[in-house]
Amino acid sequence: MSTVHDTTRGAAAHVTLPCPVCGRWNRVAAGRVTDGPKCGVCAAPLDLTHPIALTDDTFDRVVRETTLPILVDFYADWCGPCRMMAPAVDELARTSAGEVLVAKLDTEAAQKTASRFQIRGIPTVIVFRHGREARRQSGAMPLAALREMLR
Ligand SMILES: [Zn+2]
């Protein structure tokens with residue numbers, strides 16, 4: 001397991017994610033998510049005000065090691081309802097940064113993870129808390145319904 005570059009102190013709520021540029025793992029304290037955090041290795045911006053892209057390689061560690069609630073949009077590029085919902089997912093990421101980690105999983109590219117979670121229809125939204133699935137809902141939803149899933 002690679003080193004985690006830790007901006008947290010002790011058990012503060014945090015997000016653990018790979019740098020989109022160099023791939024090294026970073027841990028960002030919830031309180032610093034909107035301060036323009038940067039990768040501890042290559043200094044690339046870690047933008048948590050937009051949904052982060054998960055893959056088969058990164059999904060498990062992000063979900064296991066992030067202590068904030070995580071909302072994952074399981075989608076595909078060809079899916080009309082997914083495209084319809086995308087702006088609401090973006091808006092949730094922008095307005096909930098530091099409280100919720102908003103992520104997207106391309107079910108075509110990450111088929112292992114999609115099949116492990118038995119995703120049959122897309123979009124499907126799953127909320128994870130402390131590494132476990134807490135809620136699941138299929139079908140395009142407006143922003144208010146996404147927020148409701150996080151209550
Ligand atoms: Zn980096």
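**Group meeting: a disulfide, a zinc site and two cores**

A disulfide joins Cys79 to Cys82, with 2.3 Å from S to S. Before I go on, please keep in mind that this is a predicted model. The structure holds one disulfide, and that is the bond I have just named. For anyone new to the term, a disulfide is a covalent bond between the sulfur atoms of two cysteines. What is the handedness of the disulfide between Cys79 and Cys82? The torsion about its S-S bond is about 85 degrees, so the disulfide is right-handed. Cys79 is buried, and Cys82 is buried as well.

Next, the zinc ion. Which residues are its protein donors? They are Cys19, Cys22, Cys39 and Cys42, each through its SG atom, at 2.2 to 2.3 Å from the ion. The angles among the four donor atoms run from 104 to 117 degrees, and the site is tetrahedral. For four tetrahedral donors the ideal angle at a metal is 109.5 degrees. Along the chain, the donors of the zinc ion follow the spacing C-x2-C-x16-C-x2-C. Cys19 sits in the loop between β2 (14–18) and β3 (25–29), while Cys39 sits in the loop between β3 and β4 (52–54), so this pair ties together parts that are 20 residues apart in sequence.

Are these cysteines buried or exposed? I will take three of them. Cys19 has a relative accessible area of 4% and is buried. Cys39 is also buried, with a relative accessible area of 4%. Cys42, at 34% relative accessibility, counts as partly exposed.

Now the interior. In soluble globular proteins, nonpolar side chains tend to be buried together. Here, the largest nonpolar core has 36 residues. Those that touch the most other members are Leu48, Ile52, Leu54, Phe59, Val72, Leu105 and Phe128. Which elements give two or more residues to this core? They are β2, β3, β4, α1 (59–65), β5 (70–75), β6 (101–106) and β7 (124–129). The largest share comes from β5, with four residues. There is also a second, separate core of 15 residues, and Ala93, Val102, Val127 and Leu146 are among them.

Take Ile52 as an example from the largest core. If we leave aside its neighbours within four places in sequence, Ile52 is in contact with Leu17, Asp47, Val62, Leu101, Val102, Ala103 and Lys104.

Another residue to find on the screen is Ile126, in strand β7. Ile126 has 0% relative accessibility and counts as buried. Beyond its neighbours within four places in sequence, Ile126 is in contact with Ile70, Leu71, Val72, Phe74, Phe117, Ile119, Glu133, Arg135 and Arg136. Ile126 and Ser138 are twelve residues apart in sequence, and their C-alpha atoms are 8.7 Å apart in space.

That list of contacts brings us to charged residues. Side chains of opposite charge can pair when their charged atoms come close. How many salt bridges does the structure hold? It holds seven, and I will go through three.

One salt bridge is between the side chains of Glu65 and Arg61, at 3.2 Å from N to O. Glu65 and Arg61 are four residues apart in helix α1, which means they are separated by about one helical turn. Both Glu65 and Arg61 are buried. They also belong to a network of salt bridges that links Arg61, Arg64 and Glu65.

Another salt bridge joins the side chains of Lys104 and Asp73, at 3.6 Å from N to O. Lys104 lies in strand β6 and Asp73 in strand β5, so this pair ties together parts that are 31 residues apart in sequence. Lys104 and Asp73 are both buried. Lys104 also appeared earlier, as one of the contacts of Ile52.

The last one for today is between Glu133 and Arg136, where the closest N and O atoms are 2.8 Å apart. Glu133 is partly exposed, at 38% relative accessibility. Arg136 is partly exposed too, at 34%. Both Glu133 and Arg136 are among the contacts of Ile126.

To recap: the structure holds one disulfide, a tetrahedral zinc site, a largest nonpolar core of 36 residues and seven salt bridges. That is all from me.

Definitions and conventions
Residues numbered from 1 in each chain as written. Predicted model: local features only at pLDDT ≥ 70, side-chain atom pairs only at ≥ 80, totals over all residues. Heavy atoms only, no water. Donors = N, O, S within 2.8 Å, 3.2 Å for Na, K, Ca; no water. Tetrahedral: all angles 85-135°; square planar, octahedral: opposite > 155°, others 65-115°. Buried < 20%, exposed > 50% of the residue type's maximum accessible area, 1.4 Å probe, protein only. Core = buried A, V, L, I, M, F, W, Y, C linked by side-chain atoms within 4.5 Å. Contact = heavy atoms within 4.5 Å. Salt bridge = Lys/Arg side-chain N within 4 Å of Asp/Glu carboxyl O. Disulfide = S-S within 2.5 Å.
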